[in-house]
Structure formats: C-alpha cells, structure tokens
Amino acid sequence: MKTIFATCIALAAVTCSCSGNRSQNQPATQADADSVQTAPAIVLDGKWNIDNVVVNDTLYARPSEETPDRKSSIVFEDGNYAIATNCNSIQGSYSVNGDSIAMNPGLCTEMACENMRVEDMLKKVLPAIRTVNLVNDSVVRLNGEASEYIVLTRAEEPAK
C-alpha cells in the first residue's frame, strides 16, 4: 500500500513539474508579444512567372515544359490578380494578411487550345491556396490546404 501511495506522489510531482512551465512559451515582455504579432507584410505587387503548379506528388505542370515558347505569368496589383496562360486569362481579387492569402475566383476566358494542362492545373489549385511563403526577393510559394502549391519567380523588369 505504501508503494502505491509513494508511486502516486512521485507521479503527481513529475506531472506538476512538467505542466508548471507553461509560461516559457509566452513572451517575456509586452515588446516581445508585439513583435510576435506583427509579422512583416508580404508584398506581391508586380509580375511573377509561374514556374510550377503542383496538385500532388504525381500531378503537376511546369509551363516551361508544357509551352516553352510562351511563359505563364501572374500580375498582382491593387488587390487584384491577372493570370496569363498560353491560352486563356484568369482574373480575380486577392488579399494578404500575414502569411495568409485569399484568392477569390473571378473571370476566366474559355477559348479551347491545344495544350491546356497548365491552365487546368491552375483552376484546380487556385481555390485551395491559403498561405504564401516568400522564399526570397524573387521566389514565392503559394500553398494550398493539402499538398497543392504554385511556385512563382519575379519577372525581370524590362530595361528602360
């Protein structure tokens, strides 16, 4: 009986010591709390080339492979996006809040073309996009709810 009681006391002591340090995950000062809450704003404005559209591990489309003679691109400007594929265009609005992005559906032209693989993949992936990662100044990844994502690279500005 004493062994069971001693085991219960030891178990309770270990449990209390583990749960007593919850404050370690909390910021030490109000300045730390403010810095955690205010992440740098992600600015997407400008033209981006679409490098890869991925639905899952086996289903993807690279515009440079599908239509090497024509780049697919997306332009973000004033809360709107405009996508140019080798065939059609897709337009809509978007908003960014921290690393979250909402890409609202919009208009899409519907011409039939010989190779519409990139466009078909974009239509599958765009509604699922939820977050954006700025890899560096020239690479962005738009991430979906599951395994889908779109990789963009900043388009070079024409020489003036």
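Which residue forms a salt bridge with Lys 123? The legend for Figure 1 has the answer. A quick note on the model before that: it is predicted, so local features need pLDDT of at least 70 and side-chain atom pairs count only at pLDDT 80 or more, while totals for chains, interfaces and linings use all residues. Residues are numbered from 1 along each chain as its sequence is written, and side-chain values use heavy atoms, with hydrogens and water left out.

**Figure 1. A salt bridge within helix α4 joins Lys 123 and Glu 119.** The partner is Glu 119, with the closest N and O atoms 3.5 Å apart. A salt bridge here is a side-chain nitrogen of Lys or Arg within 4 Å of a carboxyl oxygen of Asp or Glu. Lys 123 and Glu 119 are four residues apart in helix α4, so about one helical turn separates them. Helices are DSSP runs (H or I, at least four residues) and strands are too (E, at least two), numbered from the N terminus. The two ends of the pair sit in contrasting surroundings: Lys 123 is partly exposed at 38% relative accessible area, but Glu 119 is buried at 0%. For these labels, buried means under 20% relative accessible area, exposed over 50%, and partly exposed in between (1.4 Å probe, protein chains only).

**Figure 2. Glu 66 reaches Arg 117 across a long stretch of sequence.** Four salt bridges turn up in a search of the whole structure, and this is one of them, with its closest N and O atoms 3.2 Å apart. Glu 66 belongs to helix α3 (residues 63-66) and Arg 117 to helix α4, so the pair links distant parts of the chain, 51 residues apart. Both residues are partly exposed: Glu 66 has a relative accessibility of 24%, and Arg 117 comes in at 32%.

**Figure 3. Arg 130 and Glu 145 meet in another salt bridge.** Their side chains come together at 3.1 Å, N to O. Arg 130 lies in strand β8 (residues 129-136) and Glu 145 in the loop between β9 (139-144) and β10 (149-154), so the contact ties together parts 15 residues apart in sequence. Glu 145 is exposed at 58% relative accessibility, whereas Arg 130 is partly exposed at 38%.

**Figure 4. Phe 76 and Tyr 94 make the structure's one aromatic pair.** Rings of Phe, Tyr and Trp (its six-membered ring) pair if their centres lie within 6.5 Å; planes under 30 degrees apart count as stacked, over 60 as edge-to-face and the rest as tilted. In this pair the centres are 4.8 Å apart and the planes are at 75 degrees, so it is edge-to-face. Phe 76 comes from strand β3 (residues 73-77) and Tyr 94 from strand β5, 18 residues apart. Both rings belong to buried residues, with Phe 76 at 1% relative accessibility and Tyr 94 at 11%.

**Figure 5. Strands β5 and β6 form a hairpin.** The two run antiparallel, and four bridges join β5 (residues 89-97) to β6; strands pair if DSSP finds at least two bridges between them. Two residues lie between the strands, and Gly 98 in the turn has a positive phi of about 70 degrees. Val 96 stands opposite Ile 101 in β6. β6 itself (residues 100-103) has a covered face, Ile 101 and Met 103, and an uncovered one, Ser 100 and Ala 102.

**Figure 6. The largest nonpolar core gathers 26 residues.** A nonpolar core is a set of buried Ala, Val, Leu, Ile, Met, Phe, Trp, Tyr and Cys residues joined through side-chain atoms within 4.5 Å. Leu 44, Ile 74, Phe 76, Met 103, Leu 142, Ile 150 and Leu 152 touch the most other members. Helix α4 (residues 117-125) supplies the largest share, four residues. Leaving aside neighbours within four places in sequence, the contacts of Ile 150 include Ile 50, Val 53, Leu 122, Val 140 and Leu 142, contact meaning heavy atoms within 4.5 Å.

**Figure 7. Arg 141 places its charged end over the ring of Tyr 149.** The distance to the ring centre is 3.6 Å. A charge sits over a ring if NZ of Lys or CZ of Arg is within 6 Å of the ring centre and within 35 degrees of the ring normal. Tyr 149 is also touched by Asn 143, a residue of strand β9 that is buried at 12% relative accessibility.
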